[in-house]
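Subject: Structure for you to look at

Hello,

Here is the structure I said I would pass on. My notes follow below it.

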Amino acid sequence: DSGGKRVRVRATKVAVDGHVFDSKHEAEVCSQLMLEQKAGAISKLQFHPTFVLIVNQEPICKYTPDATFHDSEDRLRVIDAKGFKKSKKTGKMLPRVNREFGIKCKLMRACFGLEVEIR
C-alpha cells in the first residue's frame, strides 16, 4: 500500500547493439534512428551526448538528450524519447515531461538555437 501517495515505477534499462537505454520506448526510438542511419537518411548519430548550457559565460547546467543526428540537409537534430499520457482536460496525448525538462529545452533554444524534438 502506497498510503495514497503516487508511486513512481522506474523503467527497465534496455541494451541494443552495445548501447544502454533508460526504457523500452527510448530503445525503440533509438533503434529506429540506427536503421535510418544505416539507410543513409541521417548521419553522425550519437546517443546521450552532453550539452553544457551557459548563460552570460556562466555554466548553468548540463543537458543530455537521448540522441542527436544530422538530417539530410546536415542540420543538427536533438531527440528525447518521452512517454505520453492523455490530458484529462482535452483528451489529447501529451508528453510526460517535468519543469526541469522544459527549462532545459528553453535553454537549448537560447544557447544553441536548437529545438528538442520529443518522440
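In which sense do β7 and strand β10 pair, and over how many bridges? The sense is parallel, and β7 (residues 76-80) and β10 (residues 116-118) are joined by three bridges. Within this pair, Val-78 stands opposite Val-116 of β10. Please keep in mind that the model is predicted.

Overall layout

The protein is made of 10 strands and two helices. Read from the N terminus, the order is β-β-α-β-β-β-β-β-β-β-α-β. Taken along the principal axes, the box filled by the C-alpha atoms is roughly 50 × 40 × 30 Å. There are 119 residues in the protein, and 30% of them count as buried. For contacts between residues at least 6 apart in sequence, 39% join residues at least 24 apart. The accessible surface is about 8600 Å², with 51% of that belonging to carbon and sulfur atoms. The protein carries 23 positive and 15 negative charges, and the mean positions of the two sets lie 9 Å apart.

β6 and its partners

Most of my notes concern β6 (67-70). On one side, β6 pairs with β3 in the antiparallel sense over three bridges; here Ser-43 has His-70 of β6 as its bridge partner. β6 also pairs with β7, again in the antiparallel sense, over four bridges. Two of the partnerships with β7 are worth looking up: Phe-69 with Arg-77, and Thr-68 with Val-78. Val-78 therefore turns up twice, as the bridge partner of Thr-68 and opposite Val-116.How are the two faces of β6 placed, buried or exposed? Both are covered: Ala-67 and Phe-69 are buried on one side, and Thr-68 and His-70 are buried on the other. In a regular strand, side chains alternate between the two faces of the sheet.

β6 and β7 form a hairpin, with five residues between the two strands. Asp-74 is found in that loop and has a positive phi of about 65°, although it is not a glycine. Most residues other than glycine have a negative phi. Asp-74 counts as partly exposed because its relative accessibility is 47%, between the 20% and 50% cut-offs.

His-48 also has a positive phi, near 55°, and is likewise a residue other than glycine. His-48 lies in the loop between β3 and β4 (51-55). With a relative accessibility of 29%, His-48 counts as partly exposed.

The nonpolar cores

The largest nonpolar core has 14 residues, of which Phe-21, Leu-33, Leu-45, Phe-47 and Ala-67 touch the most other members. At least two residues of this core come from each of α1 (24-38), β3 (43-47) and β6 (67-70). The largest share is that of α1, with five residues. Another core lies apart from this one; it has 10 residues, including Phe-51, Leu-53, Cys-105 and Leu-114.

Which residues does Ala-67 contact, leaving aside its neighbours within four places in sequence? They are Cys-30, Leu-33, Leu-45, Gln-46, Phe-47, His-48, Arg-77, Val-78 and Ile-79. Of these contacts, Leu-33, Leu-45 and Phe-47 are also among the core residues that touch the most other members. His-48, the loop residue with the positive phi, is in the contact list of Ala-67 as well.

Cys-61

Cys-61 is found in strand β5 (residues 58-63). Why does Cys-61 count as partly exposed? The reason is its relative accessibility of 22%, as buried would mean under 20%. Leaving aside neighbours within four places in sequence, Cys-61 is in contact with Phe-51, Val-52, Leu-53, Lys-104 and Leu-107. Two of these contacts, Phe-51 and Leu-53, belong to the core of 10 residues. Cys-61 and Lys-104 are 43 residues apart in sequence, and their C-alpha atoms are 8.3 Å apart in space.

If you open the model, β6 with β3 and β7 is a reasonable place to begin, followed by Cys-61 and its contacts.

Regards

Conventions
Residues are numbered from 1 along each chain as its sequence is written. This is a predicted model: local features need pLDDT of at least 70, side-chain atom pairs count only at pLDDT 80 or more; totals for chains, interfaces and linings use all residues. Side-chain values use heavy atoms; hydrogens and water are left out. Buried means under 20% relative accessible area, exposed over 50%, partly exposed in between (1.4 Å probe, protein chains only). Contact means heavy atoms within 4.5 Å. Accessible areas come from the Shrake-Rupley method with a 1.4 Å probe; for residues, only the protein chains shown count as cover. Lys and Arg count as positive and Asp and Glu as negative; His and the chain ends are not counted. The place of a charge is taken as NZ of Lys, CZ of Arg, CG of Asp or CD of Glu. A nonpolar core is a set of buried Ala, Val, Leu, Ile, Met, Phe, Trp, Tyr and Cys residues joined through side-chain atoms within 4.5 Å. Two strands pair if DSSP finds at least two bridges between them.
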